[in-house]
Amino acid sequence: MAKSKFDYVRNFETDDTCLRNCYIVVRLDGRNFHKFAEQHTFIKPNDNRALGLMTRSARSVMEELEDIVIAYGQSDEFSFVFKRTSTWFKRRASKLMTHVASQFSSSYVFYWKEFFGEQPLLYPPGFDGRVVLYPSNRNLRDYLSWRQADCHINNMYNTVFWTLVQNGGLTTTQAEDRLKGTLAADKNEILFSEFNINYNTESAIHRKGTTLIWEKRDETATKRTKLPNGEETDVAVTRSRRRVHAHHCDIIGEPFWAEHPDILEEDN
Ligand code: DGT
Ligand code: MG
Ligand code: MG
Ligand code: MG
Ligand code: MG
């Protein structure tokens, strides 16, 4: 293309290349979801339709974009981790972040009906995004642990709070007062002794959040095949397929990482 006298404006663009060897984390968070949840009558404290839609949208991000090795989500947020050697979009932070945010947002709207049926989407939701770089496996694992610990703390609080309100007949102000200064053990005790609820057997998706990873698994499908005599028959065909799978387990301890050694690349 011929150069025009306007060409120099390109030099005003700043360089936002992500440092090499670092994991690139893009975290999205729903904009003003306090209001969005109210207006769309999300169930308190956890709405499985909303969580399902978040996970469906995150899956679309992983399937449509390149080099995401793991994603972790809870509440109205999702974190996406690009492999440390990724060269996608020349590691430009703004390109990576905006692709994640727009793919996620459009998927959230696109798949809304699959989770909320005839309940209308009242206005277009938005998500903010940020990019954070982690230079070591320890740092990256600590980042993901931080998000899962946040999920645990919030979910435990919300579970007790809404149990006190919904089953204990307290007002929201009374429930707030009751929980002021309580530790995890106190909250467990309230749930157990007053409501006969064992927090540890509550749904794992709410306690642990959702972790998405690529996994190769054998899948068997039946295929219609013609026999030499001309007759048709069904034959089972097993193929190993790489797909995004969801886990609702602890990702803070070693077992998850020992079971999935391919997620992280070696530190060097
Ligand atoms: P922001 O992120 O600063 O724009 O503001 P918010 O309002 O999105 O605040 P944030 O992200 O700290 O908190 C997430 C909100 O989303 C929180 O008010 C509770 C709501 N939310 C998320 N998941 C659920 C759910 O499953 N059920 C209900 N009822 N609310 C939910
Ligand atoms: Mg916020
Ligand atoms: Mg939010
Ligand atoms: Mg949030
Ligand atoms: Mg273009």
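**Exercise 1. Describe the polar contacts between ligand 1 and the protein, beginning with the side chain of Asp-29.**

In this predicted model, an oxygen atom of ligand 1 lies 2.7 Å from an N or O atom in the side chain of Asp-29, a polar contact being a pair of N or O atoms within 3.5 Å. Turning to the backbone, a polar atom of Asn-32 is 2.7 Å from an oxygen atom of ligand 1, and a polar backbone atom of Asp-47 is 2.8 Å from an oxygen atom of the ligand. The protein buries 65% of the 630 Å² that ligand 1 exposes when taken alone, with accessible areas computed by the Shrake-Rupley method with a 1.4 Å probe.

As to conventions, the model is predicted, local features need pLDDT of at least 70, side-chain atom pairs count only at pLDDT 80 or more, and totals for chains, interfaces and linings use all residues. Residues are numbered from 1 along each chain as its sequence is written, chains are lettered from A and ligands numbered from 1 in the order in which they are written, and side-chain values use heavy atoms, with hydrogens and water left out.

**Exercise 2. Work out which residues and elements form the shell around ligand 1.**

Of the 15 residues around ligand 1, those that come nearest are Asp-29, Asn-32, Phe-33, His-34 and Asp-47, where a residue counts as near if one of its heavy atoms lies within 4 Å of the molecule. Strand 1 (23-30) and helix 1 are the elements that give two or more residues to this shell, helices (H or I, at least four residues) and strands (E, at least two) being DSSP runs numbered from the N terminus. Helix 1 gives the most, with 3 residues.

**Exercise 3. Identify the space taken by ligand 1 and describe its lining.**

Ligand 1 takes the space of the largest pocket, a molecule sitting in a pocket if more than half of its atoms lie within 2 Å of its grid points. A pocket is an open set of points, on a 1 Å grid over the protein atoms alone, where a 1.4 Å probe fits, with protein on both sides within 12 Å along at least five of seven lines; lining residues have an atom within 4 Å of a point. The volume is about 750 Å³, and of the 28 lining residues, the closest to the centre are Ala-37, Pro-45, Asn-46, Ser-75 and Asn-158. Helix 5 gives the most to this lining, with 5 residues.

Technical notes. Points joined across faces, edges and corners; volume = space filled by probe spheres on them. Polar contact = N/O pair within 3.5 Å; in protein donor to acceptor, adjacent residues only side chain to side chain.
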